[in-house]
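Here are some exercises to work through with the model open beside you. Try each task on your own before reading its solution.

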Amino acid sequence: MGKVTGFLEIDRQDRKYKPAADRIRHYDEFVIPLSEETTRDQASRCMDCGIPFCHNGCPVNNQIPDWNDLVYHDEWRRALTNLHSTNNFPEFTGRICPAPCEASCTLNLQDQPVTIKSIECAIIDRGFKEGWVKPEIAQHKTGKKIAIVGSGPGGLAAAQQLARTGHDVHVFEKLAKAGGLLRYGIPDFKMEKHLIDRRITQMESEGVRFHYNEHIGFNKSIDELVENFDAVILAGGAEKPRDLTIPGREFNGVHFAMEFLPQQNRRVSGENSDTNNPILATGKHVVVIGGGDTGSDCIGTSVRHRALSVTQLEIMQRPPEKENKLLTWPDWPLKLRTSSSHEEGAVRDFSVLTKEFIGKDGQVEGVRCIQVDDKMQPVADSSFVLKADLVLLAMGFVSPVHEGLIEQSGVALDGRGNVLANTTSYATSKNKLFVCGDMRRGQSLVVWAIREGRQCAAAVDEFLMGATSLPR
């Protein structure tokens, strides 16, 4: 390593946020980047730890110590080349990945992990600023045609890898623009959508062709793709939300998070939204059910709508403020995580079971809840009612949507309702059909989708050509 004593001499310093009072007035990103000098200092903290556990903590196996060392030595372009060798879209992961690599960092044993995520973001942002990120156009064409269904991070990663090795790649997207949940699920204040547009432009220059408003299984059959393409990759994600079937579920004002969030993203981008049924938190008491990232996104969006109050309910017990490192490290720990949206104004309540939605004249007006113990059993005399004009269900996703594409294709499913395939061939039970990302593994992280997209691309290339030079 370049500075062997860096971690002893320099304290961890990460990116900060603009003040909450300012950032809730808009939907722009609000993270303040570190200066070049500070980023270099933070990279120098990467220690010669012998076994870089961050490699395994990162789903795409980023070579983190290598590009930390290159940044420290001011070799930013080489750092970018190294970063791109494992990750097609570091500008996405550098903004929205929860950074399991930092949890695995040896310095995390003292709560001082290297600021890996911030350094990653600095590398790719500088790469675009300096004009180093250019289309990588294949010199030779294979004559093979590949269809990819879904333009989320998994589908995009597979498409870019396959186009760069010379295949004719077509991406079919049911919506008006590419990106999947990157575009329609993640709020702009966490990741602005021009970042996606920039990559799509690059991929189009590399030969990828995008077909929008093509809902495979509905306005185009999967059989048509199988007939006209040499291979088809299913990368449609896991979009079936977990419902809460309790009394009052039919009331107006009770919505899935993924009915609420995409509307706001479309408003920000100027894309036509569902103006006949706008879901707005303005002037309302909002209850968000579910304690994960999607629930946090609902909070931040509701605050920007000027909600009167926002309450987040979680059925699980309140996690500890700090994990026991000797029990959890280098694995991802269970601990209380406070997002930027939580800091903007939300009440969080744990060990709460929602029993009933209360309403009048078809409109929700409240939520009846009860406290539960560590065995999920109701606690006597602990029932209470929360005022609620808008309830957002953010309890995760159970599986891909089976209607349409999956039912029509006839592919085998696993016990959880995901498309069945292993991580070697990524092949489904049907010839020429492959699957990657959340549609195969279930609801997961963007970085896992990128990994599976890359590995699936290598498997498809080998299936078509007999061998592959694409990395896994």
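Start at Pro330, which lies in the loop between α16 (325–328) and α17 (340–343). Keep in mind throughout that this is a predicted model.

**Exercise 1. Backbone at Pro330**

Task: Find out which form the peptide bond from Trp329 to Pro330 takes.

Solution:
- Step 1. Go to the loop between α16 and α17, where Pro330 is found.
- Step 2. Read omega for the bond from Trp329 to Pro330: the value is near 5 degrees.
- Step 3. That bond is cis. For background, most peptide bonds are trans.

**Exercise 2. Two positive phi values**

Task: Locate Asp74 and Tyr426, and decide for each whether the residue is buried, partly exposed or exposed.

Solution:
- Step 1. Asp74 sits in the loop between α5 and α6, just after α5. Its phi is positive, about 65 degrees, although Asp74 is not a glycine.
- Step 2. Tyr426 belongs to the loop between α18 (402–409) and β17 (433–435). Here too phi is positive in a residue other than glycine, with a value near 55 degrees.
- Step 3. As a reminder, most residues other than glycine have a negative phi.
- Step 4. Now turn to accessibility. Asp74 has a relative accessible area of 43%, so Asp74 is partly exposed. Tyr426 has 0% relative accessibility and therefore counts as buried.

**Exercise 3. How α5 meets α6**

Task: Work out how α5 and α6 are oriented to each other, and which residues make their contact.

Solution:
- Step 1. Take the geometry. The axes of α5 and α6 are 8 Å apart, and the packing angle is about 165 degrees.
- Step 2. Angles over 145 degrees count as roughly antiparallel, so α5 and α6 are roughly antiparallel to each other.
- Step 3. Note the hand: α5 passes α6 in a left-handed crossing.
- Step 4. List the contact. From α5 come Asp66, Trp67, Leu70 and Val71, and from α6 come Trp76, Arg78, Ala79, Asn82 and Leu83.
- Step 5. Sort these residues by type, and you get 6 nonpolar, 1 polar and 2 charged.
- Step 6. Widen the view to the buried residues. In α5 (residues 64–72) they are Ile64, Pro65, Trp67, Asn68, Leu70 and Val71, and they pack against α3, α4 (54–57), α6 (76–84), α8 (100–104) and α9.
- Step 7. In α6, the buried residues are Trp76, Ala79, Leu80, Asn82, Leu83 and His84. Their packing partners are α3, α5, α7 (90–96), α9, α12 and α20 (446–465).

**Exercise 4. A closer look at Asn82**

Task: Describe the surroundings of Asn82 in helix α6.

Solution:
- Step 1. Asn82 has a relative accessible area of 14%, so Asn82 is buried.
- Step 2. Leave out residues up to four places away in sequence; Asn82 then touches Gln63, Asp66, Trp67 and Leu70.
- Step 3. Check the side chains: those of Asn82 and Gln63 make a polar contact at 3.4 Å.
- Step 4. For a long-range distance, pick Glu407, which is 325 residues from Asn82 along the chain. The C-alpha atoms of Asn82 and Glu407 are separated by 41 Å.

**Exercise 5. How α3 meets α9**

Task: Classify the packing of α3 and α9 by its angle, then describe the contact.

Solution:
- Step 1. Helix α3 (residues 36–43) and helix α9 (residues 116–129) have axes that come within 10 Å and cross at roughly 135 degrees.
- Step 2. The two helices α3 and α9 are therefore oblique to each other.
- Step 3. Their crossing is left-handed.
- Step 4. Glu36, Thr39, Gln42 and Ala43 of α3 meet Ile119, Ala122 and Arg126 of α9.
- Step 5. By type, the residues of this contact are 3 nonpolar, 2 polar and 2 charged.

**Exercise 6. Glu206 in its loop**

Task: Is Glu206 buried or exposed, and which side chain makes a polar contact with that of Glu206?

Solution:
- Step 1. Find Glu206 in the loop between α12 (194–205) and β5 (209–211).
- Step 2. The relative accessible area of Glu206 is 2%, so Glu206 is buried.
- Step 3. The side chain of Glu206 makes a polar contact with the side chain of Arg164, at 2.9 Å.
- Step 4. Setting aside neighbours within four places in sequence, Glu206 is in contact with Lys134, Pro135, Glu136, Ile137, Gln160, Ala163 and Arg164.

Conventions
Residues are numbered from 1 along each chain as its sequence is written. This is a predicted model: local features need pLDDT of at least 70, side-chain atom pairs count only at pLDDT 80 or more; totals for chains, interfaces and linings use all residues. Side-chain values use heavy atoms; hydrogens and water are left out. Axes are lines fitted to C-alpha atoms, for helices over the stretch in contact, and angles run from 0 to 180 degrees between N-to-C directions. Helices (H or I, at least four residues) and strands (E, at least two) are DSSP runs, numbered from the N terminus. Angles under 35 degrees count as roughly parallel, over 145 as roughly antiparallel, 65 to 115 as roughly perpendicular and the rest as oblique. A crossing is left-handed if the near helix is turned anticlockwise from the far one by less than a right angle, and right-handed if clockwise. Contact means heavy atoms within 4.5 Å. Ala, Val, Leu, Ile, Met, Phe, Trp, Tyr, Cys and Pro count as nonpolar, Asp, Glu, Lys and Arg as charged, and the others, Gly among them, as polar. Buried means under 20% relative accessible area, exposed over 50%, partly exposed in between (1.4 Å probe, protein chains only). A polar contact is a pair of N or O atoms within 3.5 Å; within protein, one must be able to donate a hydrogen and the other to accept it, and residues adjacent in sequence count only if both atoms are side-chain atoms.
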